[in-house]
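Let's take a walk through this structure together. Have a look at it first, and then we'll go through it piece by piece.

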Amino acid sequence: MIYLLFLVFGYSIMVFGALGLVRFPDLYTRLHAATKCDTGGMIGIILGLVFLTDASLFIKAKMFLLLFLIAMINPMVSHAIARGAYKMGIKPQVKVDMYGWDNP
């Protein structure tokens, strides 16, 4: 039954992330929504699948490795995309540009 909680959590994060992609105004906030959607949603769904399946311990270990890689790589890639976009001259639609303060 715990798998159902993880699956619902993952699917709800995916839905809210997709909603953020549609609703948010600029590249950076949309990238934020997409990253939360990918990271949080996939972690919830994969954890749900780990508890749901009757796979061997080796397969479950592979799923946990996949979780670890998603949790580590996804935010780094998102940050790299945002940094590259900022360096290309795409400015965020905010009143206070804190990223510009740190990277003149």
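**A walk along the helices**

Leu66 lies in helix H3; helices (H or I, at least four residues) and strands (E, at least two) are DSSP runs, numbered from the N terminus. At 41% relative accessibility, Leu66 counts as partly exposed. That label has set limits: buried means under 20% relative accessible area, exposed over 50%, and partly exposed in between, using a 1.4 Å probe and protein chains only. From the C-alpha atom of Leu66 to that of Met42 the separation is 9.8 Å, with the two positions 24 residues apart along the chain.

Before going on, a word on what you're looking at: this is a predicted model, in which local features need pLDDT of at least 70 and side-chain atom pairs count only at pLDDT 80 or more, while totals for chains, interfaces and linings use all residues. Residues are numbered from 1 along each chain as its sequence is written, and side-chain values use heavy atoms, with hydrogens and water left out.

Now back to H3 itself. This helix has 31 residues and reaches 45 Å from its first C-alpha to its last, close to the 45 Å expected at 1.5 Å a residue. The expected span is 1.5 Å times one less than the number of residues in the helix. Which residues of H3 are buried? They are Met63, Leu67, Ile70, Asn74, Ser78, Ala82, Ala85 and Tyr86. Leu69, also found in H3, is partly exposed, with a relative accessible area of 37%. Its C-alpha atom is 24 Å from that of Ala85, 16 residues apart along the chain. His79 has its place in H3 too, and at 46% relative accessibility His79 is partly exposed. Between the C-alpha atoms of His79 and Phe68, eleven residues apart along the chain, there are 18 Å. Just after H3, Gly89 takes a positive phi of about 105 degrees.

Next, the partner of H3. Helix H2 (residues 27-52) packs with H3 (residues 57-87) at an angle of about 180 degrees, and their axes are 10 Å apart. Axes here are lines fitted to C-alpha atoms, for helices over the stretch in contact, and angles run from 0 to 180 degrees between N-to-C directions. H2 and H3 are therefore roughly antiparallel to each other, a label for angles over 145 degrees (under 35 is roughly parallel, 65 to 115 roughly perpendicular, and the rest oblique). By class, their contact has 20 nonpolar, four polar and two charged residues. Ala, Val, Leu, Ile, Met, Phe, Trp, Tyr, Cys and Pro count as nonpolar, Asp, Glu, Lys and Arg as charged, and the others, Gly among them, as polar.

For a close-up, try Thr39 in H2. Thr39 is buried, with a relative accessible area of 14%. Leaving aside neighbours within four places in sequence, Thr39 is in contact (heavy atoms within 4.5 Å) with Ile70, Ala71, Asn74 and Pro75. The C-alpha atoms of Thr39 and Ala71 are separated by 6.1 Å, though the two are 32 residues apart along the chain.

That leaves H1 to visit. Helix H1 (residues 2-23) has 22 residues and reaches 32 Å from its first C-alpha to its last, close to the 32 Å expected at 1.5 Å a residue. In H1, Leu7, Gly10, Gly17 and Gly20 are buried. They cover an arc of only 150 degrees around the axis, which puts them on the same side of H1; the arc is that of the directions from the helix axis to the C-beta atoms. The buried residues of H1 pack against H2. On the face turned away from that buried side, H1 carries the exposed residues Leu5, Val15, Phe16, Val22 and Arg23.
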